[in-house]
Amino acid sequence: MILPDSIIVTSCRTDEQVCARIVNLYRNLAQDKIDSVWWGELHELSGPRDRDEPDEHWEWAVIADQCGVQGGWCKGAETPDGDIQGAIAYTANSRSLLEPGEVSLYVAYVATAPWNRGWLVDRPMYRGTGGRLILHASLHSYMLGLKGRLRLSALSSQNTIDFYDSIGFTTLDENEDRTINMELSADKAMAWFERERILS
Amino acid sequence: MTRSQENPNSSKGDTLRPAGNGWPDDSARAYDPSGIPQDELGKEIETLKALHPDLQIEFRDLDSLDRTGKLLLLDQMRDMLGIRKPARTAI
């Protein structure tokens with residue numbers, strides 16, 4: 001086993017736990033299952049909105065290509081109905097800011113499907129996808145000998161920062177475009193694995 | 001949500017060099033028309049070796065190993081690094 005092949009998400013409608021298979025996203029799959037689907041279906045569900053979501057312009061087909069070129073990974077969580085509930089892209093070429101001299105995985109992109117966002121739709125489909133994808137990336141970091149370290153640049157909304165803070169990320173500094181550098185340290189990652197009883 | 005703010009090739013000084021320093025040579029990786037790398041296990045092994053260049057393990061021709069051989073090699077490398085196995089397949 002390279003890595004656990006599924007994440008567990010929760011149906012907002014039945015509270016049942018559902019296994020979502022981790023699939024490697026390459027250009028065609030990302031195009032067919034995300035770029036051609038996510039935002040079109042949202043328009044049907046919610047009608048016109050005041051403003052676009054920050055990730056609405058992301059092209060996952062391009063992100064998947066970029067990941068391939070950089071030797072990184074682009075993955076999606078696919079529920080049994082065949083829908084991709086969330087996606088993540090990360091590379092293994094970042095230096096830790098909390099632990100100088102150490103290497104970290106860098107999460108370049110992560111997003112949950114629009115129909116899972118409670119602020120966009122009245123009845124979201126699944127919850128927990130984003131957090132579980134982050135956990136998957138952290139576990140991949142561990143399996144690559146990077147002790148679970150993750151770095152990312154978070155959008156500067158308080159909700160986003162609170163989300164990463166609740167997982168254990170440390171807020172570092174602000175970039176010129178106001179995104180926030182955050183990092184999950186090896187200690188915090190290992191504590192997360194222990195809580196989840198992930199390792200044998 | 002996050003957005004990529006970092007060019008791994010930038011001069012910010014906080015990223016690794018992506019080529020010529022043990023990082024897998026992407027130009028050598030085989031892609032099919034949909035962009036799918038042929039060998040995820042091989043990629044994992046190469047990445048692990050690139051991230052831990054001091055690891056005392058030799059493998060010359062990864063392509064000559066079948067899936068079982070690659071899994072054994074990966075397990076061996078992880079054992080040498082003290083990496084524990086996941087306890088389950090769904091997290």
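**Stop 1: the E8–E9 hairpin**

Select Thr170(A) and Glu183(A): in this predicted model, Glu183(A), in strand E9, is the bridge partner of Thr170(A). Now add Glu174(A) and Ile180(A), another pair of bridge partners, with Ile180(A) on the E9(A) side. Show both strands in full, E8 (170–174) and E9 (residues 180–184). They run antiparallel and are joined by 3 bridges.

Next, pick out the turn. The hairpin has 5 residues between its strands, and Arg178(A) sits in this loop between E8 and E9 of chain A. Is Arg178(A) buried or exposed? It counts as exposed, because it has 8 C-beta neighbours inside 10 Å, and the cut-off for exposed is 12 or fewer. Look at its backbone too: phi of Arg178(A) is near 75°, a positive value in a residue other than glycine.

**Stop 2: the whole sheet**

Select the strands of chain A and follow them across. Nine strands, in the order E6-E1-E2-E3-E4-E5-E7-E9-E8, form an open sheet with mixed pairing. Which strands are at the edges? They are E6 (126–127) and E8 (170–174), each of which pairs on one side only. As background, strands of a sheet pair through backbone hydrogen bonds, either parallel or antiparallel. You can find both senses at the next stop.

**Stop 3: strand E5**

Select residues 103–112 of chain A, which make up strand E5. How many of the 10 residues of E5(A) are buried? The count is 10 of 10, so this strand is mostly covered.

Look at E4(A) beside E5(A): 8 bridges join these two, and they run antiparallel. One pair to label is Ser94(A) with its bridge partner Ser104(A) in E5(A). Then look at strand E7 (residues 150–154) of chain A, which pairs with E5(A) in the parallel sense over 3 bridges. Here you can label Val107(A), which stands opposite Leu152(A) in E7(A).

**Stop 4: the nonpolar core**

Keep Val107(A) selected and add Ala30(A), Trp60(A), Ala64(A), Ile88(A) and Tyr90(A): these six have the most contacts inside the largest nonpolar core, a set of 61 residues. Strand E5 of chain A supplies the largest share of this core, 8 residues. In soluble globular proteins, nonpolar side chains tend to be buried together.

**Stop 5: helix H3**

Two of those core residues, Trp60(A) and Ala64(A), lead to helix H3 (residues 60–69) of chain A. Select its buried residues: Trp60(A), Ala61(A), Ile63(A), Ala64(A), Cys67(A) and Gly68(A). Why are they on the same side of H3(A)? They cover an arc of only 160° around the axis, which puts them on the same side of the helix. An α-helix has 3.6 residues a turn, so residues three or four places apart point the same way.

What covers these buried residues? Show helix H1 (27–35), strand E3 (73–78), strand E4 (84–95) and E5 of chain A, which are among the covering elements. After H3(A) comes Gly71(A), which has a positive phi near 75°.

**Stop 6: Met143 and chain B**

Select Met143(A), in helix H4 (residues 129–143) of chain A. It counts as buried because it has 23 C-beta neighbours inside 10 Å, where the cut-off is 20 or more. Leaving out residues up to four places away in sequence, Met143(A) touches Leu3(A), Arg78(B) and Ile83(B).

Follow those last two residues into chain B, which has 2 helices and 0 strands. Of its 91 residues, 15% count as buried.

**Stop 7: Arg197 and the wide view**

Return to chain A and select Arg197(A), in the segment after helix H6 (186–196). Arg197(A) counts as exposed because it has 10 C-beta neighbours inside 10 Å. It has a positive phi of about 50° although it is not a glycine.

Finally, zoom out to see chain A with its 6 helices and 9 strands. Its radius of gyration is 16 Å, close to the 16 Å that the globule rule gives for 200 residues, so chain A is as compact as a globular protein of that length. Along its principal axes, the C-alpha trace spans about 50 × 40 × 30 Å. Of the 200 residues of chain A, 46% count as buried.

Note on methods
Residues numbered from 1 in each chain as written. Chains lettered and ligands numbered in written order. Predicted model: local features only at pLDDT ≥ 70, side-chain atom pairs only at ≥ 80, totals over all residues. Core = buried A, V, L, I, M, F, W, Y, C linked by C-beta atoms within 7 Å. Helix = DSSP H or I, 4+ residues; strand = E, 2+ residues; numbered from the N terminus. Arc of directions from axis to C-beta. Contact = placed C-beta atoms within 7 Å. Pairing = 2+ DSSP bridges. Rg over C-alpha atoms; globule rule 2.2 N^0.38 Å.
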